[in-house]
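Good morning, and thank you for coming. Please look at the sequence and the structure as I show them, and keep both in view while I speak.

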Amino acid sequence: MSAWGTAAGGFVATLVLTTVLRAASEFRLTRADLPFLLGTALTANRARAKAIGYLLHFVSGEVFAFVYYAVFLAIGHAGWWLGALFGLVHGLFAGTALVNILLPLVHPRMGSPLTSAPKVALLEPPGFLMLNYGPTTPLVTVLAHIGYGAIVGGFTSLTPHG
């Protein structure tokens, strides 16, 4: 197992994940835009929110890659299939607890079931498995996270030469 492989895998996997989700949005398979969701937590300026959100998404991708790495170390094994399994769990967690419950609680511009009529929200809450962003959003999001995990697991399992 290699921490350098994890770092490279985290970058590549986040690039693939972000590209797949962006393409799914362009093909109208989802209205979800995770970098925009992240960025608007810090600014109401839509253009800045996109830029900040992409940066936060890549940083988060690296952080999650090293969470995977810690689990790989703890169990003494890494591989693409195990990473894919972690990605499945990661995708389900992201679509249920993370963006459905936790994010609306701390996001200053996102509506929630508790948002009152006089309070205007910039963003619609994602809902369970982000279904508020389209019926195919759960499938696209979970498959993209499975791919993310497979890439991180595959890169982590590479043995450095030298």
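In which helix is the place of Val99? Val99 belongs to helix α4. Before I continue, please note that this is a predicted model.

Is Val99 buried or exposed? Val99 counts as buried because its relative accessibility is 8%, and the cut-off for buried is under 20%. Leaving aside neighbours within four places in sequence, Val99 is in contact with Ala94, Pro104, Pro126 and Met130. There is also a link across the sequence: Val99 and Gly127 are 28 residues apart along the chain, yet 7.9 Å separates their C-alpha atoms.

Let us follow one of those contacts, Met130. If residues up to four places away in sequence are not counted, Met130 touches Ala32, Leu34, Gly95, Val99, Thr137 and Thr141. Met130 also appears in the largest nonpolar core, which has 26 residues. Met130 is among those with the most contacts inside this core, together with Leu21, Leu37, Tyr68, Phe72, Tyr148 and Val152. Each of α1, α2, α3, α4 and α5 supplies at least two residues of the core. Which helix gives the most? That is α5, with 5 residues.

I now turn to helix α3. This helix covers residues 46-75, 30 residues in number. From its first C-alpha to its last, α3 reaches 42 Å, close to the 44 Å expected at 1.5 Å a residue. At its start, a side-chain oxygen of Asn45 comes to within 3.1 Å of the backbone nitrogen of Ala47. After α3 comes Gly76, whose phi is positive, near 75 degrees.

Which residues of α3 are buried? They are Ala49, Gly53, His57, Gly61, Ala65, Tyr68, Tyr69 and Phe72. Tyr68 and Phe72 were also named for their contacts inside the core. The cover over the buried residues of α3 includes α1, α2, α4 and α5.

Finally, the largest pocket. Its volume is about 350 Å³, and 18 residues line it. Nearest its centre lie Leu38, His57, Ser60, Phe64 and Leu98. The elements that give two or more residues to this lining are α1, α2, α3, α4 and α5. Which element provides the largest share? It is α4, with 5 residues, and α4 is the helix of Val99, where this talk began.

Thank you for your attention.

Terms used. Residues numbered from 1 in each chain as written. Predicted model: local features only at pLDDT ≥ 70, side-chain atom pairs only at ≥ 80, totals over all residues. Heavy atoms only, no water. Helix = DSSP H or I, 4+ residues; strand = E, 2+ residues; numbered from the N terminus. Expected span 1.5 Å × (residues − 1). Buried < 20%, exposed > 50% of the residue type's maximum accessible area, 1.4 Å probe, protein only. Contact = heavy atoms within 4.5 Å. Polar contact = N/O pair within 3.5 Å; in protein donor to acceptor, adjacent residues only side chain to side chain. Core = buried A, V, L, I, M, F, W, Y, C linked by side-chain atoms within 4.5 Å. 1 Å grid on protein atoms, 1.4 Å probe; cavity = no way out; pocket = protein on both sides within 12 Å on 5 of 7 lines; lining within 4 Å. Points joined across faces, edges and corners; volume = space filled by probe spheres on them.
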